[in-house]
Amino acid sequence: MGKASMRQHHGEFKVPGGKLVVADTDVVGGKLSGVSINGDFFLEPDEALDDINAALEGLPADTLHGDLASAIRRRIRADAQLFGFSPEAVATAVRRALGKASSWADHQWEIIPPTPLSTAMHVAMDEVLTREVGAGRRNPTLRFWEWESPSVVIGSFQSVRNEVDEEAVRRHGVNVVRRISGGGAMFMEHGNAITYSLYIPQSLVDGLSFADSYPFLDDWVMEGLRQLGISAWYQPLNDIATDLGKIGGAAQKRLSNGGMLHHVTMSYDIDADKMLEVLRIGREKLSDKGIKSAKKRVDPLRRQTGLAREEIIQILSDTFRKRYQATEGSLSPAEMSAAQSLVEEKFGTDEWLYRVP
């Protein structure tokens, strides 16, 4: 048995569109020892591999991803050429070896099918389940939303008066709630949108920038959309776009306990006229979109696919299940109770809703 195979810590990272990077290392006195980086990448000259190993040797085992990559860049010879990988890829492999970063395959995933809740309960449930995953009490989970009433969900940093026409809200019987993540306002009625939340440990996106984490976490969605005949992509930072227009947007929130929320709303059959009465979408919001009308910003999935909303959700759910070997889950009584308490204490209060003047 070779020396590298005897090392305590082993991690692998397949670069998207690139090569496999493998890290083997021991930890002695809290520091990396006997570091061996290997894989099916290409590197010139050969001696540059010694530079990479030497750059990592002796670093504290809790060194952050960016600092690992920087150490490699400082040490590696100027004429080195890396093909199919990068210092950041090496850092990810090392962090995975040490259990600081994880891959999709490292987790047991659950899927909670569409469950009707009040909109305040939905945003409260997002906080509850994100905390539960961060605390290690729940497996990483995908949850699809369902609505009991027409709603507007505004971003954490938005002002109600700037985003919502409150007279139109009263006229149409629309509930307005504030979520914990940033981003823009969403208008939702029963059957008009597809919304889901991913609750994950932050280790899954270790080393990824905020911008890169969005397409990374929704790669399964793009696969599902391709099965529906839709070619979609991320338009930085958080818009999901197609040749026929925008179909959705995403938002995220990272909690201090290591849990992370990533959620997406895609339009299925939006009532654009009602949306424009309820939401205040100004010219500045549209200025970088190359369009004049907000109606053209959201292109419904119904028109692009011809399928029922439930069929699309099923295809997306099946794609996630097959890719990540996910099992069906449910909301526990304790989670429902915790979310209800959060509605009473936070999400259902004017103090939270109007916290941004």
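# Notebook: a look through one protein chain

**Entry 1: helix α3.** I listed the buried residues of α3 to begin. They are P87, A89, V90, A91, T92, A93, V94, R95, R96 and A97. The helix spans residues 87-97, and ten of its eleven residues are buried. I note here that the model is predicted.

What do the buried residues of α3 pack against? I found three strands at the start of my list: β1 (9-14), β2 (20-28) and β3 (31-39). The helices α1 (48-56) and α2 (65-75) also pack against these residues, and so does β5 (81-83). Just after α3, I came to G99, which takes a positive phi of about 80°.

**Entry 2: the whole chain.** I stepped back to see the overall build. The protein chain has 14 helices and 16 strands. I looked up its extent next. Along the principal axes, the C-alpha atoms fill a box of roughly 70 × 45 × 40 Å.

Does the radius of gyration agree or disagree with that of a compact globule? A compact globule of 357 residues would have a value near 21 Å. The protein chain has 23 Å, which agrees.

I then checked burial. Buried residues make up 50% of the 357 residues. The chain exposes about 16,500 Å², and carbon and sulfur atoms supply 49% of that area.

I also looked at contacts between residues at least 6 apart in sequence. Of these, 70% join residues at least 24 apart. For charges, I noted 42 positive and 49 negative side chains. The centres of the two sets lie 4 Å apart.

**Entry 3: the nonpolar cores.** Nonpolar side chains tend to be buried together in soluble globular proteins. I went looking for such groups here. The largest nonpolar core has 35 residues. Which of its residues touch the most other members? They are W109, L198, W220, L225, M266, L301 and F320.

I traced which elements give two or more residues to this core. The strands are β7 (141-147), β11 (193-201), β12 (232-235), β14 (245-254) and β15 (259-267). The helices are α7 (210-217), α8 (219-227) and α12 (309-324). The largest share, five residues, comes from α12.

Another core lies apart from this one. It has 29 residues, among them L32, L43, A91 and A97. I had already met A91 and A97 as buried residues of α3.

I picked M266 for a closer look. Leaving aside neighbours within four places in sequence, M266 is in contact with A193, I194, Y196, V221, L225, I247, G248, L301 and L316. Next I checked α8, where W220, V221, M222, G224 and L225 are buried. Just after α8, G229 takes a positive phi of about 85°.

**Entry 4: M260 and G34.** I compared two residues in strands. M260 is in β15, and G34 is in β3. Is each of them buried or exposed? M260 has 0% relative accessibility, so it counts as buried. G34 has 22%, so it counts as partly exposed. The cut-off for buried is under 20%.

I listed contacts for both, without neighbours up to four places away. G34 touches R7, D24, T25 and E57. M260 is in contact with a list of residues including T130, L198, Y199, I200, V205, S213 and L217. The list for M260 also has Q252, K253 and R254.

Then I took two distances, C-alpha to C-alpha. G34 and S159 are 125 residues apart along the chain and 54 Å apart in space. M260 and P333 are 73 residues apart in sequence and 22 Å apart in space.

**Entry 5: backbone exceptions.** Most residues other than glycine have a negative phi, and most peptide bonds are trans. I searched for exceptions.

Where is the cis bond that involves P45? It runs from E44 to P45, with omega near -10°. P45 is found in the loop between β4 (42-44) and α1. A second entry on my list is the bond from P236 to L237, which is cis with omega near 0°. L237 lies in the loop between β12 and β13 (239-242).

Q325 has a positive phi of about 50° although it is not a glycine. I found Q325 in the loop between α12 and β16 (327-328). With a relative accessible area of 55%, Q325 is exposed.

Terms used. Residues numbered from 1 in each chain as written. Heavy atoms only, no water. Helix = DSSP H or I, 4+ residues; strand = E, 2+ residues; numbered from the N terminus. Rg over C-alpha atoms; globule rule 2.2 N^0.38 Å. Buried < 20%, exposed > 50% of the residue type's maximum accessible area, 1.4 Å probe, protein only. Contact = heavy atoms within 4.5 Å. Areas by Shrake-Rupley, 256 points an atom, 1.4 Å probe, with all protein chains shown as cover. Lys, Arg positive; Asp, Glu negative; His and termini not counted. Charge placed at Lys NZ, Arg CZ, Asp CG, Glu CD. Core = buried A, V, L, I, M, F, W, Y, C linked by side-chain atoms within 4.5 Å.
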